[in-house]
Amino acid sequence: MSYLPPRIATQISILSKDWNHAFNTLPALEFDEETFGRKDISGHDAKTEKTENDTFLEYVNGYISRRREHDLSIDLMSLLIFSSADKLNSKVPKWIDTASRLNLRALTLGRIVDYPDKRSYEQKCPDLVSDTISVLHVSHLSMQGVKMRLPRLEELVLHKAHESDDVVNKLMLSCPTLRRVELINCFRSTDLLICGPKLETFEASAMLQDESFSISISAPNLVSFSYTSVFIMAFRDGQLSALQVHGAQNLRELALDLCVIGIRTIREAISRLRLLETLRLKGSRSAERIRVTHKNLKHLALTGFDFLVRVKTQTPNLVSFQYDGPNIVAIGPRDSTRLANARLEVDFGVRNKRRSYLKAAKFLRYFGCCDSLTVACNGVEALVIPREIRGEMLPPLRDVKHLRLQILCNTSEADSSSQLTESLRWMCPDLETLVVNSEPRREKKTSSAISFGPHRDKYSRSNRKMGCWESSTAAVAMRDAFLTKKADLTSYAGSSRL
């Protein structure tokens, strides 16, 4: 019954007294006004919507009141509602207070956006005071002036929460048990201070900034830190004036965006993190050369580099490497003898026949010591190396045993499987497993410097009607916390073989 919509679960609970008792003791309560008794979610009849809104509020109020009367605990509560006024319904704070008295541990509170809506950020989040809540997710609500006292808070997720700077800073200072903070598509106008004695993960994706700011980390147990923006064009000197990591000596994973953080700032930060093992860099259209130096680094990922031409690495303990970009880059020196797996997404198209073949082979030779290699490409022309050119070079992938080739578009060479297979066998003399898939890539739409709007929001009524979500660079960054974390919160309460 916990997997059914609340209204359907209510209806089937009358089939048996046992079922009725089971429904009243469900640990997770999920109230979604969008799907509550609505046959056509695209309707805009004001009178009909007002009636349905009143019915929904009466249902939620009655159910929570019944749980209070029988003193039945609530482990998780998710409340997603419409709101046309300045604030959410006045009963919402009462519901949260009642649920907190019944040992509420996880709360999801969000407003369903009905685009076009110029007041999408004017609805204010109610004050949250609870001694039991440990997980809090808030979406599409303004946090300006919100009073919060959550001494047991362990996880905080804010999705398009306006004026959230002060709230985040105060919670990190006042919640000694806070372990994880995630900000999605939020606007920041002040400096960011990351602190907390137990904070382990801080992730900020698709962020918006209008001026220079600084990041200071003072969290001794911080293991993972990520900060990316919605911008695709880098600012001249970056928007980040300072990145202080002296208080994060135990940091293992770092993900940064070159659109807002200068490469010099990143190199200085990396040099101070001796225990760093994973580095992910989101590129900009102006980045052409990257140099990464770290003796303990094990995992390196470079994504979104449209004009990168050279990568210089001094990482002797590198185990895995990932690169996503249209150009075949020059990588060196080959100082890592532990590189075990790599994933490459490049264009192996032929422009100058002989030069393209030699360039592709030289690029792949850097990954010749890998045990497993995944290559995703639009064209495979440069991978079908003619026999006369093979005699002039050694096989570039001599130690590769498992090769996976993903062809992202339909090409004539893809049909010539015998020539492609023969060339791949020559490249990998010790090959044991070969997988070739043809997966057409979804075309990326040209986006402006700031990519956001109604077509990129899962809480848009129009998108919920369509029942689909278009994948894009900004959309991936703007992961919806409420759908991706739903499972975690509930648990809380063609191939060929050679």
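How many bridges join strand β19 to β21, and in which direction do the two strands run? Three bridges link β19, residues 310-314, to β21, and the two run parallel. One residue pair can be picked out: R310 has A330 of β21 as its bridge partner. The model is a predicted one.

Now widen the view to the sheet around this pair. It is an open sheet of three strands, in the order β17-β19-β21, and the pairing is parallel. The edge strands are β17 (289-293) and β21 (330-332), and each of them pairs on one side only. From one strand to the next, the twist averages 10°. As a general point, strands of a sheet pair through backbone hydrogen bonds, either parallel or antiparallel.

Earlier in the chain, look at β10, β12 and β14. They form an open sheet of three strands, ordered β10-β12-β14, with parallel pairing. β10 (192-195) and β14 (240-247) stand at its edges. Each has a single partner strand, so one side of each lacks a neighbour in the sheet. Direction ignored, neighbouring strands of this sheet are turned by 5° against each other on average. Strand β12, residues 213-218, is joined to β14 by five bridges, and these strands run parallel. Within β14, Q244 stands opposite S216.

Next comes the nonpolar interior. The largest nonpolar core has 127 residues. Which of its members touch the most others? They are F225, F321, F348, F363 and F367. Helix α3 (residues 46-69) gives the largest share of this core, six residues. In general, nonpolar side chains tend to be buried together in soluble globular proteins.

F363 deserves a closer look. Leaving aside neighbours within four places in sequence, F363 is in contact with Y323, I328, V329, I331, L344, V346 and F348. One of these contacts, F348, is also among the core members that touch the most others.

Finish at helix α10, residues 417-427. Its buried residues are L420, S423, L424, W426 and M427. Why do they lie on the same side of α10? They cover an arc of only 160° around the axis, which puts them on one and the same side. The general rule behind such patterns is simple: an α-helix has 3.6 residues a turn, so residues three or four places apart point the same way. And what do the buried residues of α10 pack against? Their partners are two helices, α7 (353-365) and α8 (387-390), and two strands, β24 (402-407) and β25 (433-438).

Technical notes. Residues are numbered from 1 along each chain as its sequence is written. This is a predicted model: local features need pLDDT of at least 70, side-chain atom pairs count only at pLDDT 80 or more; totals for chains, interfaces and linings use all residues. Side-chain values use heavy atoms; hydrogens and water are left out. Buried means under 20% relative accessible area, exposed over 50%, partly exposed in between (1.4 Å probe, protein chains only). Helices (H or I, at least four residues) and strands (E, at least two) are DSSP runs, numbered from the N terminus. The arc is that of the directions from the helix axis to the C-beta atoms. Contact means heavy atoms within 4.5 Å. Two strands pair if DSSP finds at least two bridges between them. Axes are lines fitted to C-alpha atoms, for helices over the stretch in contact, and angles run from 0 to 180 degrees between N-to-C directions. A nonpolar core is a set of buried Ala, Val, Leu, Ile, Met, Phe, Trp, Tyr and Cys residues joined through side-chain atoms within 4.5 Å.
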